[in-house]
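Subject: A structure for you to explore

Hi there,

Here is the structure I promised to pass on to you. Have a look around in the viewer, and then read on for what turned up.

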Amino acid sequence: MSTASSSSASGLTLRTRPIAIGHVRAFLAVARHLNFRAAAEELALTQSAVSRQIQGLEDEVGLPLFLRHTRAVELTSAGAQLLRAWTPAVERIDTAVRSVRQSAGRKSVSITTWASFAAMWLIPRLEDFQRQHPDIDIRIDTTDSLVDLETTDVDLAIRYSRPTAALRGMTELFGEQLAVVASPWLLQSATAPRRPQDLVGWSLIEATDADQHPHLQWLSWHRWLRDQDCADLQPRRWVYLRYAHQIVQAALAGQGLALTRLPLVAEALADGRLVEVFPRQRLDSPLAYWLLTGPRSGQRPEVQAFAQWLQQQAHDTRQAMAPVDDPT
């Protein structure tokens, strides 16, 4: 069957002129939800209005874009192809519009990082920048997924990787060591451990599935214990938590000893909320923290100011990570 006869059988006619873009957002909403009612709610339109827009778009394209079922819809192969092409295109348009609006309004900087880093390192320091630059708004986007600075309106990204995985243009903020920490009152409640072998009588806080993910293996108690020739040691109990900030919060609450990323707890160690249990048994990590500037953001003064402030804060963190004498 020819293409012309096939399209005729579907009741649609292939067109050669460019399509109008007015119905593209309706298409993307329906493709996202695979449901006309949910798409209508997102767009603040009636369901029949969205349906008419999709029908008009299919007339323009000349092919059906969705298969209609009783309670749901699904993309046709043509619809899936257009979704792949249109999604980044519309994101770029939205980014450009936000950039234009932003330049005409208040100065602002957007930064993406993961939740634990934002909670434990960035946010506690942010007041200092706001005091120096009260006219600059800061937007923090926390996600475990990498955000594409090419297609979004995010200005800066802080990422966590090995040096070999760093992209060109990235600036290293600081490296990483692992340190055993605990709340001071927990250590006062019993005889504090003096040797790694003493941990047999304590609760150890561990990252969930730490040994099952390549980058988390560097952060695991099992690796630290192996490095101390205590590979077979079993503590009184394990406490498993998913995120780094949860592990530190549990240590602050006295629920056990935690093996933590030193850059993220340097302030808590400095002000005495946490105590480093084995200062001479820090463990080097191959991972580091990097700053990346978006390709369209580097020339904006407010972005430059925030990036410079981040690098100064990173310098302070490197200083705070300097080796300390073992109090024992």
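Let's begin with one pair of strands: strand 3 (residues 107–113) and strand 5 (residues 156–161) run side by side in the parallel sense, joined over two bridges. To find the spot on screen, go to isoleucine 111, whose bridge partner in strand 5 is leucine 156. Please keep in mind that this is a predicted model.

Now zoom out a little. Which strands make up the sheet, and in what order? Five strands form an open sheet, and the order is 4-3-5-13-6, with mixed pairing. Strand 4 (136–142) and strand 6 (171–174) are at the edges; each has a single partner strand, so one side of each is left without a neighbour in the sheet. On average, neighbouring strands here are turned by 25° against each other, if direction is ignored.

Next, look for helix 6 (residues 115–132). This helix lies across strand 3, strand 4, strand 5, strand 6 and strand 13 (288–293), and helix 6 runs at about 170° to strand 4.

Finally, the whole protein. Its secondary structure comes to twelve helices and 13 strands. Of the 328 residues, 44% are buried. Taking contacts between residues at least 6 apart in sequence, 76% join residues at least 24 apart. The accessible surface comes to about 18000 Å², and carbon and sulfur atoms account for 51% of that surface.

Enjoy exploring, and write back with any questions!

Best wishes

Technical notes. Residues are numbered from 1 along each chain as its sequence is written. This is a predicted model: local features need pLDDT of at least 70, side-chain atom pairs count only at pLDDT 80 or more; totals for chains, interfaces and linings use all residues. Side-chain values use heavy atoms; hydrogens and water are left out. Helices (H or I, at least four residues) and strands (E, at least two) are DSSP runs, numbered from the N terminus. Buried means under 20% relative accessible area, exposed over 50%, partly exposed in between (1.4 Å probe, protein chains only). Contact means heavy atoms within 4.5 Å. Accessible areas come from the Shrake-Rupley method with a 1.4 Å probe; for residues, only the protein chains shown count as cover. Two strands pair if DSSP finds at least two bridges between them. Axes are lines fitted to C-alpha atoms, for helices over the stretch in contact, and angles run from 0 to 180 degrees between N-to-C directions.
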